[in-house]
Amino acid sequence: MSLTSLPLVEISGAPRERGRQYGEQTRELIERALAYYAEAFAHSSGLTWEQVTQRAGRWVAPSRAFAPELVEEMEGIAEGAGLSFLDILALNARGEIIYDSTFGSMEPDGCTSFALLPEASGDGHVYAGQNWDWRNGVADTVMVLRVVQPGRPTVIMHVEAGQVGRQGANSAGIALNANGLGGRFDDSVGVPQTLVRRRVLDSDNLNAALEALTKSRAHIASNALVTHRDGFAIDLETTPGAVGWMYPADGLLVHGNHYQAFMPPQLAATYRPGSADSLYRVPRAEAGLRAVRHASGRDEARKLIRAAMSDHLGHPESLCTHPDEGQPAVKRWATLLSSCVDLTTGDYLIAAGTPCDHEYERVPWNLYDGDTL
């Protein structure tokens, strides 16, 4: 199945079997991802992919201690794709690798996330979504994954091939949108973000979802915007140390790639935003999304959300990001996709690329179909 140019993959069963299905169906996509990151890390650090995967082994123990079932799922992906487990772990820990001082330096993810509660949506629905900005070179590895796992909520996510978690929503009516934050803390080894985010999406209630963020010790700082279909949203700026939080104002919450709720004391003296464009993406998204409260119905609300997320102030490094032709191909950024999940109806909408020139399309699965709980 595909959504315009975006592959759709469904897996089910026990962890290793799910992983095996995943790897078998996406072998070519995963190989593309490995080829891109081999080039990207060689460009930024001079390391070979073999050296990267050897060093990525430091995340095996914390991953297994935190989520053994997801490590088993990654092992299944490796088996299904005919690759090594460390290849798959490196794809899932690529954010941690980027920040690790032994690997050199690559810029963090750039994303703009939002939540619209009934009082701000015009049609009375609850919406959650984001523009996912990352390296344009991985655009042909992006996919939508549906995970059917008996005893836990069914999850729909958009991920890079080989990853077990990133952004998405589940059949319990919980959505997660995430943003990189940046900043180095200490040398201790924590849990990769893909596992923390999947644990959020595997949660069958709001408290469990928030505990996945507040009680885990992640390796890097990351922002998590959690939205519930009952009309609640909270943003958590999680770090290896303290956690900050903020709530919607008049039913609207937007977050980018800089600290907005608090400043971690470890960074306070020297902090500088890793993504300068985040400083204008956030207010531009807020301004555009405020118009949604005046929508006369569902179709107009979704049209206004797309218009807001298509803003081009600062182009090409804008809310709707386009590749900068002045940069080397391996370093060019783009909005890989824009998502808009209607938690009221269960519609999962994706613009498969920059939202200014891609319409939101509904994936063929409704969030609330086939709930396994």
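**Exercise 1. Find the residues that make a nonpolar surface patch of about 350 Å², and say whether Trp245 is buried or exposed.**

Step 1. The patch is made by Phe232, Trp245 and Tyr247. Patch members have over 30% relative accessible area and no salt bridge, and nonpolar side chains (Val, Leu, Ile, Met, Phe, Trp, Tyr) are joined within 5 Å, like charges within 9 Å. A salt bridge here is a side-chain nitrogen of Lys or Arg within 4 Å of a carboxyl oxygen of Asp or Glu. Areas come from the Shrake-Rupley method with a 1.4 Å probe, and for residues only the protein chains shown count as cover.

Step 2. Trp245 is found in strand S11 (residues 243–246). Helices (H or I, at least four residues) and strands (E, at least two) are DSSP runs, numbered from the N terminus.

Step 3. Trp245 has 51% relative accessibility, so Trp245 counts as exposed. The classes are buried under 20% relative accessible area, exposed over 50%, and partly exposed in between (1.4 Å probe, protein chains only).

A word on the model before we go on: this is a predicted model, in which local features need pLDDT of at least 70 and side-chain atom pairs count only at pLDDT 80 or more, while totals for chains, interfaces and linings use all residues. Residues are numbered from 1 along each chain as its sequence is written, and side-chain values use heavy atoms, with hydrogens and water left out.

**Exercise 2. Work out what the radius of gyration says about the protein chain.**

Step 1. For 373 residues, a compact globule would have a radius of gyration near 21 Å. The rule is 2.2 Å times the number of residues to the power 0.38, and the radius is taken over C-alpha atoms.

Step 2. The protein chain has 19 Å, which agrees. Its C-alpha trace spans about 55 × 50 × 40 Å along the principal axes.

Step 3. Now add the contents: the chain holds 12 helices and 15 strands, and 60% of its 373 residues are buried.

**Exercise 3. Place S3 in its sheet and explain why S3 is largely enclosed.**

Step 1. Write down the order of the open sheet of six strands: S12-S3-S4-S13-S14-S15, with antiparallel pairing. S12 and S15 (361–362) stand at the edges with a single partner strand each, so one side of each lacks a neighbour in the sheet. Two strands pair if DSSP finds at least two bridges between them.

Step 2. Look at the two partners of S3. Seven bridges join S3 to S4 (residues 127–135), and four link S3 with S12 (residues 252–255). Ser113 is a handy marker: Gln130 stands opposite in S4, and His255 is the bridge partner of Ser113 in S12.

Step 3. Seven of the seven residues of S3 (residues 110–116) are buried, so the strand is largely enclosed by the rest of the structure. Gly110, Thr112, Phe114 and Leu116 cover one face, with Cys111, Ser113 and Ala115 on the other.

**Exercise 4. Trace S14 from its hairpin to its partner S15.**

Step 1. The hairpin of S13 and S14 has four residues between the strands, and Gly346 there takes a positive phi near 90°.

Step 2. Five bridges join S13 (residues 333–342) to S14 (residues 347–351). Ser338 stands opposite Ala351, and Ser339 has Ile350 as its bridge partner.

Step 3. Towards S15 there are two bridges, and Ile350 stands opposite Glu361.

Step 4. Five of the five residues of S14 are buried: Asp347, Leu349 and Ala351 point one way, Tyr348 and Ile350 the other.
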